[in-house]
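Biologist: Hey, got a few minutes to walk me through this one? I'd like to go piece by piece.
Modeller: Sure, pull it up and ask away.

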Amino acid sequence: MLRFSLPTTVLISRPKNDAEVLRRALLAQNKGAHVIVAPAITITFVPFKAHKDHFDAYILTSKHGVPAAVKSAVADVALCVGDATAEAATQVGLQAISAGGTSRDLVTLAQQSGFSKLLYLRGEHIHGDLEKDLNLAGLEVESSIVYRQEACAFSLEVQYELAQLKMICVPVYSARSARIISQNLRSFEGEIIVVAISKVAASGWFGSNPHRIILAQAPNSEAMMAAIASQMS
């Protein structure tokens, strides 16, 4: 179990439920941790066209696609980008297989799976074109937008709290969230430590240059916790 002190405030800007999970994990490690929860993105599920055909498997790049997979019920297997998504799919009764972390890994997994007809359940905002990559790999893919990642501004209360701080640690999990968070922090005058789950996520940051950028050793929650911990001692 990781043990660390937190001299710096951690600004958690994940969607509400994910932010609460991370907040509890940090506080479990250090009860005196100073954590601000300020979601930069809210997840909104949207209606999608029902599919009559059966598919060999779903393609899931986020656990937010899992409810749509359950509702559509046109496959029993889910090929998932990472362990957290696979765990969420398993919990609802799907046979989930994790690619271990990146969209490139997911394409490789799909190629090696023996499946040919895939249903990609995705968010409105994506980085890269996974559907095209899967097509180029010789797979038949149909995609549906099943949720939106809507930007959120920080509340006046959060802005006031941030104005009192000299340094914050900001975990980022996607290029889009990094862009939104950096925009929300454009008036912050203290030092910023960005802890990114990947180079792609870090690439979304713009505006004020961070004091430093730390990349997780692997694109998963455990590596992110370790990366955050490495900056807090």
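Biologist: How do β1 and β2 pair, parallel or antiparallel?
Modeller: They pair in the parallel sense, over three bridges. Keep in mind that this is a predicted model. Strand β2 covers residues 35–37, and its Val-35 is the bridge partner of Val-10.

Biologist: And how does the chain get from β1 to β2?
Modeller: The chain goes through helix α1, residues 16–29, and this β-α-β crossover is right-handed.

Biologist: What else does β1 pair with? I mean, which strand is joined to β1 by two bridges?
Modeller: That's β9, residues 167–172, and the two strands run parallel. Val-10 turns up here too, with Cys-169 as its bridge partner in β9.

Biologist: Are the faces of β1 covered or open?
Modeller: Both faces are covered. Thr-9 and Leu-11 are buried on one side, and Val-10 and Ile-12 are buried on the other. As background, side chains in a regular strand alternate between the two faces of the sheet.

Biologist: OK, zooming out. What is the strand order in the sheet with β1?
Modeller: The order is β2-β1-β9-β10-β11, five strands in an open sheet with parallel pairing. The edge strands are β2 and β11 (212–215), and each pairs on one side only. From one strand to the next, the twist averages 20°.

Biologist: Which helix lies across β1, β2 and β9?
Modeller: Helix α6, residues 156–163, and its direction is at about 155° to β2.

Biologist: Now the other sheet. How many strands form the one with mixed pairing?
Modeller: Six, in the order β3-β8-β7-β4-β5-β6, and that sheet is open as well. β3 (41–45) and β6 (95–98) each have a single partner strand, so one side of each is left without a neighbour in the sheet. Neighbouring strands here are turned by 25° against each other on average, ignoring direction.

Biologist: What's the sense of the pairing between β3 and β8?
Modeller: Antiparallel, with five bridges between β3 and β8, which spans residues 140–151. For one bridge, look at Ile-43, whose partner in β8 is Gln-149.

Biologist: Which helices lie across β4, β5 and β6?
Modeller: Helix α3 (residues 83–91) does, running at about 175° to β6. Helix α4 (residues 103–113) does too, but it also lies across β7 and runs at about 145° to β5.

Biologist: Can we look at one residue in there? Is Ala-57 buried or exposed?
Modeller: Ala-57 lies in strand β4. It counts as buried because its relative accessible area is 0%, and the cut-off for buried is under 20%.

Biologist: What does Ala-57 touch?
Modeller: Leaving out residues up to four places away in sequence, its contacts include Val-77, Leu-79, Phe-115 and Lys-117. Ala-57 and Ala-78 are also 5.3 Å apart, C-alpha to C-alpha, while 21 residues separate them in sequence.

Biologist: Lys-117 again, huh. Which ring face does Lys-117 lie over?
Modeller: The face of Phe-55, at 5.2 Å from the ring centre. There's also Arg-14, which lies over the face of Tyr-173 at 3.7 Å from the ring centre.

Biologist: And how many aromatic pairs are there?
Modeller: Zero, after a search of the whole structure.

Biologist: Last stop, α7. Why do you call it largely enclosed?
Modeller: Because seven of its ten residues are buried. Among them are Ala-175, Ile-180, Ile-181 and Asn-184.

Biologist: What covers the buried residues of α7?
Modeller: The cover includes β3, β8, β9 and α8 (199–203).

Biologist: Pick one of those buried residues for me?
Modeller: Let's take Ser-182, which sits in α7, residues 175–184. Ser-182 counts as buried because its relative accessibility is 4%.

Biologist: What is Ser-182 in contact with, leaving aside neighbours within four places in sequence?
Modeller: Gly-204, Trp-205 and Phe-206.

Key. Residues numbered from 1 in each chain as written. Predicted model: local features only at pLDDT ≥ 70, side-chain atom pairs only at ≥ 80, totals over all residues. Heavy atoms only, no water. Helix = DSSP H or I, 4+ residues; strand = E, 2+ residues; numbered from the N terminus. Buried < 20%, exposed > 50% of the residue type's maximum accessible area, 1.4 Å probe, protein only. Contact = heavy atoms within 4.5 Å. Pairing = 2+ DSSP bridges. Axes fitted to C-alpha atoms, helices over the stretch in contact; angles between N-to-C directions. Right-handed = clockwise from strand over helix to strand, strands pointing away. Phe/Tyr/Trp six-rings, centres within 6.5 Å; stacked < 30°, edge-to-face > 60°. Lys NZ or Arg CZ within 6 Å of the ring centre and 35° of its normal.
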